[in-house]
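Hi,

Here is the structure I said I would pass on. Have a look at it first, and then read on for what turned up when I went through it.

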Amino acid sequence: MVEKRGYGQFCPIALAAEILAERWMPLVIRELLCGSVRFNDLQRGVPRMSSALLAQRLKQLQFDGIVERRRGDGGGFEYHLTTAGRELFPVIETMGLWAQRWLRHDLVDRANLDPNVLMWDIRRNVVGTALPREGRYVVAFRLSGVPISRRCYWLVFDHGVVDLCYRDPGFDVDLFVEASLRRLTQIWLGHVPIDQAIRDGWLRLDGSRSDMRIFRSWFALSPFAPAAREPIGLAAK
């Protein structure tokens, strides 16, 4: 492993920054805190990060005692936070809350919008137990304002498991959800209430009345969404 260049200070903040301030490192820790343990799942949360760099960051976290690598039950390896790693939760959470208060407009700037990241976040936050029936349930998302290759996504609920499909899985669709990428991101972050988005035509649902009615029960917002109800910070644009 390449030796890290430290700040040369005994300050606890300096030592913590030597680990946490590495490029991509806070996002890797975020993914681990969100429950991703497989390399491929971690990669889906940071798709613009190369596989080689992700592997390097994970090794650094192991070396620093923040992550341990274990053999998974189904084969392959998994990455799990140690006690030291789990104690980083309030640090990462505070960063997100700060951005919701002071950088709210920047969060949905065009350069920061990514449909794959948004749909992956939606998938891991949905509440599968709220579905109206047992068995398979399929929701198709149609996004505007993105290249055609990244316009359609499917959530497939099946016996408590929720899969995100990037290609048509071939099942009958129970509910269609349509919105622009920016609007859906604003909704998920809690910047725009769902009822307002539907009323103003920014979010369109197409399905049975019962399926449209229960959309709010399984479509869980970002963990940082409650902070979006607070007054925007004076530093925001």
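Let's start with D121, which sits in helix α8. One thing to keep in mind throughout: this is a predicted model. Is D121 buried or exposed? With a relative accessible area of 13%, D121 falls under the 20% cut-off, so it counts as buried. Its side chain has a polar contact with the side chain of R124, at 2.9 Å. D121 is also a nice case of sequence and space telling two stories: G45 is 76 residues away along the chain, yet the two C-alpha atoms are 7.7 Å apart.

D121 also takes part in a helix pair. Helix α8 covers residues 115-125 and packs against helix α9, residues 181-189. In general, a packed pair like this is described by the angle between the two axes and the distance between them. For α8 and α9 the angle is about 35° and the axes are 11 Å apart. The crossing is left-handed. Which residues make the contact? From α8 they are P115, L118, M119, D121, I122 and N125, and from α9 they are L181, L184, T185 and W188. Sorted by class, that gives seven nonpolar residues, two polar ones and one charged one.

Just ahead of that pair, have a look at D114, in the loop between α7 (104-107) and α8. D114 is buried as well, at 9% relative accessible area. Its side chain makes a polar contact of 2.8 Å with the side chain of R150. If you skip the neighbours within four places in sequence, the residues in contact with D114 are P47, R48, R150 and L181. L181 is also one of the α9 residues in the helix contact above.

On the other side of α9 there is H191, in the loop that leads from α9 to α10 (194-199). Which side chain does the side chain of H191 make a polar contact with? The partner is Q100, at 2.7 Å. Leaving out neighbours up to four places off in sequence, H191 is in contact with Q100, R104, L107, V108, Q186 and A228.

Next stop, helix α6, which runs over residues 89-102. I picked out two of its residues. P90 is partly exposed, with 43% relative accessible area, whereas I92 is buried at 14%. Not counting residues within four places in sequence, I92 touches P26, I29, R30, L33 and F224. For a couple of long distances, C-alpha to C-alpha, P90 is 22 Å from V126, with their positions 36 residues apart in sequence, and I92 is 34 Å from G201, at a sequence separation of 109 residues.

I29, one of the I92 contacts, brings us to helix α2, residues 25-33. Its buried residues are M25, V28, I29, E31 and L32. Viewed down the helix axis, these fall within an arc of 155°, so they line one face of α2. The general background is that an α-helix has 3.6 residues a turn, so residues three or four places apart point the same way. After α2 comes G35, with a positive phi near 105°.

A positive phi is worth a second look in other places too, since most residues other than glycine have a negative one. Where does that turn up here in residues other than glycine? W24 is one of them, with phi near 75°, and H159 is another, with phi near 55°. W24 lies in the loop between α1 (12-20) and α2, while H159 lies in the loop between β4 (152-158) and β5 (161-165). Are they buried or exposed? W24 is buried, at 19% relative accessible area; with the cut-off for buried being under 20%, I would quote that number along with the label. H159 is exposed, at 69%.

Last one: C11, in the segment before α1. C11 is partly exposed, with a relative accessible area of 26%. Its C-alpha is 36 Å from that of R229, and the two are 218 residues apart in sequence.

Cheers

Notes:
Residues numbered from 1 in each chain as written. Predicted model: local features only at pLDDT ≥ 70, side-chain atom pairs only at ≥ 80, totals over all residues. Heavy atoms only, no water. Axes fitted to C-alpha atoms, helices over the stretch in contact; angles between N-to-C directions. Helix = DSSP H or I, 4+ residues; strand = E, 2+ residues; numbered from the N terminus. Left-handed = near helix turned anticlockwise from the far one by under 90°. Contact = heavy atoms within 4.5 Å. Nonpolar A, V, L, I, M, F, W, Y, C, P; charged D, E, K, R; others polar. Polar contact = N/O pair within 3.5 Å; in protein donor to acceptor, adjacent residues only side chain to side chain. Buried < 20%, exposed > 50% of the residue type's maximum accessible area, 1.4 Å probe, protein only. Arc of directions from axis to C-beta.
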